[in-house]
Amino acid sequence: MSMVFRIAKEEWRLWLRSKVVVMAALIVGTLLAVTSVLTINRVAEEQSQRLAQQVEAEETFFAQPDRHPHRMVHYGHYAFRPPPPLAIFEPGVDAVTGQSIFLEGHRQNTAMFADTKAAADLGGFAALTPASLYQLLLPLLLIVLGHALFLRERESGTLAVILAQGQSGVTLAMGKMAALLAVIIIFMIPLIIVAAYSVSLGESPLGALSLVGGYFAYLCVWGAIVLAASIILKQRAVSLGVLIFMWLFAALIVPRFAINASSAAIDAPGKIESDLVMLSEQRKLGDGHNAADPAFQRLQAEVLEQYDVETIEELPINWRGVVASYSEAELTDLLNGYAENRMSLEASQSRIFDLFGLISPTIAIGSLSRTFAGTDLATHHRFLRESEKLRFDFVQSLNEVHVNELSYADDMNRNADAEAARRAQVNSEAWQVLDEFRFAPDNASERIGRATISLGVLITWLLVSISIVFLAARRVRL
Amino acid sequence: MVGNLVREARFLAKDGGALFWLGLAFLLSIVAVSFGVAEVRDQQETIAELVKEDAADRANALKGQEDWGGAAYYAFHLTHAPPSDFAFAAMGQRDSSPWKHRVRMLALEGQIHEADTRNADFGLVGRFDFAFLAASVAPLLLILLLYDLRAAERSARRHDLLIATAGSPIQLWFPRALVRVVALLLLLLIPLWGASLVAGTSLDIVLKATAILIGALLIWWLIVELVSRVNASPSVLLTSLIGLWLALAIIVPALSKAVIEVRQPLPNGGEILLLQRETVNDAWDLPKEATMTPFLEEHPEWSAYATLEEAFEWKWYYAFQQVGDQVAAPLVNQYRSARLARDREAGLISFLSPTSFVERSFEKLAGTDAASMIAYEDAVRDFHRQLRDFHYPLLFRDQPFDLNTLKDLPVYAPTS
């Protein structure tokens, strides 16, 4: 053991003497600090802004004056998705999806005002986050540090001495591994600080810990790859070239390739496309604004029978409200069917994308990181579902007010004159039906459960790469 | 010189490492343009399909309408920006900004910000298109091809001997590097040229794209040349070059982006929406003059027809839709001009980063840059104005309803 420690110490002494290595480490460290501070500030601002907007939207809804209940259905409401605590490290899909959604009767809108749409366009890597630094830059740093871990001994002839002293290749590899591991642990410190801070913001310790664990595993995979290359290859420049190629491949090429491939494999129609298909079906449901629509004849017969009356005027409830409520339910069913279909297609696209993690650990950690942080596509989908539920609930509650608290006669007469219009209003207390909406990420164990594929892929990478190191180390000859 | 080049080409043919990088470049270029061509075809098919279904849907919606207001309310109109004949090389903003909308006569601000975007994971990672290959990957390949020309000979201890035999260092290194740069360039360009033929790209654009790539590779060649004159080991050279690449491709763009976005703040999008919404909704409860006065200020030509007699009239309804847009207009203009300002500053900064510059130039050629997307939004606004111009006479003059008149509804025609 002391031998392992001594080898590691020697490695560190060499690194600390090398200007290139010290410079590289300093630059990466500074970048990490700067981006972390910037991201933490931005996310904190978004968090409080969106929460304030949510509260404000609710207050304005409650403060609306007396009016016709269907007007409130069209007045609508907003749902905001505040970033979860770990978004300070991994902002995830938030920048692409937008974060606010307008909710109104008879429609499902999309989230709006995505940051990317208005961002200054400076090419592919301009959106720097702490997570992308860990995913892209730290592996490169490990390559710079470690590509010659073994080769240096070989080139300077010390390998022969060490082997002749009776030390095995494995001991030497363990020493080098310990040195590299120390580097990885040092570079985990910023992440650990950010994760601890996220716990203070309300993140569960388990969620924060799994994020830290995921990145530690990811960096260990790269450390092992780097060490394996330095053992197997016989020239320093070749080792560096091969490792840089692997980085180029894993970090830049495969993720983008996987995006193209998974979107080609599964065609997920856009919203307009599926809306148009849906519209022809929707037309059969009838227009909820038009109580005389033939589509509602059967409903009318049923309701008349239920209340045992002959005409809709005799009903104790408001027939127009009944139609509004009935058609909203039917339409929502239809809309949800199409929305679910779109979301499940997107989810299967992302599953294919995740499988490309088998040839690029960067994909695996990217997916893990978004899932653990609660900023992944699945969380966005849940936001869409929950805001849809909020929409449906308030629209139907208002329709219920329409049914029970506004007489059919007053309703039909509402356009006659000002007095008639006033009679067709209900008291604004009825607007209290709106539920408070506070979107929160899944709890940590659900997030971890959702990350099974990527987690499995990353662990496979870890096992395979470490095994290769040991196999190669056992066969070290001169 | 020709003899030197032929000799170097023969050397290159035996250099396994170099051949690997060159083969990779060729392969990636083929993959990038094939994905691009397929995606463009896909988008064109989507648009063709949408145009058809949109017309059918509109005909369906108009059937059975009984007044101008109802017809205007239920008729949606598709607007779209077709991909250009060079979009296969750079999808740019088409992945994050909408390029299709369905709009109707209601307040436009409630409609135009809808984004029919795709799987969010896609926008996040970005796609592998030729612009990305040329901007980010090609420089790395060039670095890998050139960094150890001198240093390899140096570590093989042939360097001084070679120089002595060759007469001057220039005669030795220049042809060797030139052969590699030209090979890389051609292998990247041939698939691009092929795809341009398939896509029917104009020669002018192909030449410009070629020039951009040549320029970019020359700059990187110069960088490699300057760095590799330092008498250091190959791995130190490579490390330094990768460091430079990181600085130019990632750090400069990311820092500039952060600075630009602080310098040019955007009005909050939600506020635009909220303001427009509140205006439209409040109108129901306000005296009708509160709507008609600001409306008639914009449209004095309807003053004579603007008397309202009934509690609900369509012309009043559409007037308050328009007033909703009018009230939001200052914020909307601010939003638009801040986006343009950000793009302008990004354009200036991109001179500091060859990767940003190449990617932006390709997007500009392909009509997929921010300015093109804003131009599309302007076209949608323009079309919406045409819709209003078509409907207002019908609504205000109160002529008897006739479905045939609606055959002359404006049709959206994409500009490019």
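Two strands pair if DSSP finds at least two bridges between them. Hi everyone, let me begin with that rule, and please keep in mind that this is a predicted model.

With the rule in hand, look at β2(A) and strand β3, residues 107-108 of chain A: 2 bridges join them, and they run antiparallel. One of the contacts to look for puts A:Leu103 opposite A:Gln108 in β3(A). β2(A) and β3(A) make a hairpin, with 2 residues between the strands. In that turn, A:His106 has a positive phi of about 60°.

Now to the other neighbour of β2(A). Here 4 bridges join β1(A) to β2(A), again running antiparallel. If you want a residue to click on, A:Tyr78 has A:Phe102 in β2(A) as its bridge partner. Put together, 3 strands of chain A form an open sheet in the order β1-β2-β3, with antiparallel pairing. The edge strands are β1 and β3 of chain A, each of which pairs on one side only.

Let's stay with β2 for a moment. How many of the residues in strand β2 (residues 100-104) of chain A are buried? The count is 5 of 5, so the strand is mostly covered, given that buried means under 20% relative accessible area. The side chains go two ways: A:Ser100, A:Phe102 and A:Glu104 point one way from β2(A), while A:Ile101 and A:Leu103 point the other way, and all are buried.

Next, salt bridges. Over all chains, the structure holds 50 of them. I picked three to show you.

The first pair is A:Glu11 with A:Lys176, where the closest N and O atoms are 2.6 Å apart. This one links distant parts of the chain: A:Glu11 belongs to helix α1 (residues 2-17) of chain A and A:Lys176 to helix α9 (residues 169-200) of chain A, 165 residues apart. Are these two residues buried or exposed? Both A:Glu11 and A:Lys176 are buried.

The next pair takes us back towards the sheet. A:Arg81 and A:Asp94 meet through their side chains in a salt bridge, at 3.7 Å from N to O. A:Arg81 sits in the loop between β1 (77-80) and α4 (94-97) of chain A, and A:Asp94 is in helix α4 of chain A, so the pair ties together parts 13 residues apart in sequence. Both A:Arg81 and A:Asp94 are buried as well.

For the third pair, go to A:Arg423 and A:Asp410, whose side chains meet in a salt bridge of 3.4 Å, N to O. A:Arg423 is in helix α18 (residues 418-423) of chain A and A:Asp410 in helix α17 (residues 408-412) of chain A, so here too the tied parts are 13 residues apart in sequence. With 38% relative accessibility, A:Arg423 counts as partly exposed. A:Asp410, at 23% relative accessibility, is also partly exposed. On the theme of partners, salt bridges that share them join A:Arg42, A:Glu46, A:Arg50, A:Arg81 and A:Asp94 into one network.

Last stop, the surface. Which residues gather there in a patch of negative charge? They are A:Glu305, A:Asp308, A:Glu310, A:Glu313 and A:Glu314. Within this group, A:Asp308 is placed in the loop between α13 (297-307) and α14 (319-355) of chain A. Why does A:Asp308 count as exposed? Because its relative accessibility is 68%, and exposed means over 50%.

That's my tour, so thanks for listening, and I'm happy to go back to any of these spots on the screen.

Key
Residues numbered from 1 in each chain as written. Chains lettered and ligands numbered in written order. Predicted model: local features only at pLDDT ≥ 70, side-chain atom pairs only at ≥ 80, totals over all residues. Heavy atoms only, no water. Patch = residues over 30% accessible without salt bridge, like charges linked within 9 Å, V, L, I, M, F, W, Y side chains within 5 Å. Areas by Shrake-Rupley, 256 points an atom, 1.4 Å probe, with all protein chains shown as cover. Salt bridge = Lys/Arg side-chain N within 4 Å of Asp/Glu carboxyl O. Lys, Arg positive; Asp, Glu negative; His and termini not counted. Charge placed at Lys NZ, Arg CZ, Asp CG, Glu CD. Buried < 20%, exposed > 50% of the residue type's maximum accessible area, 1.4 Å probe, protein only.
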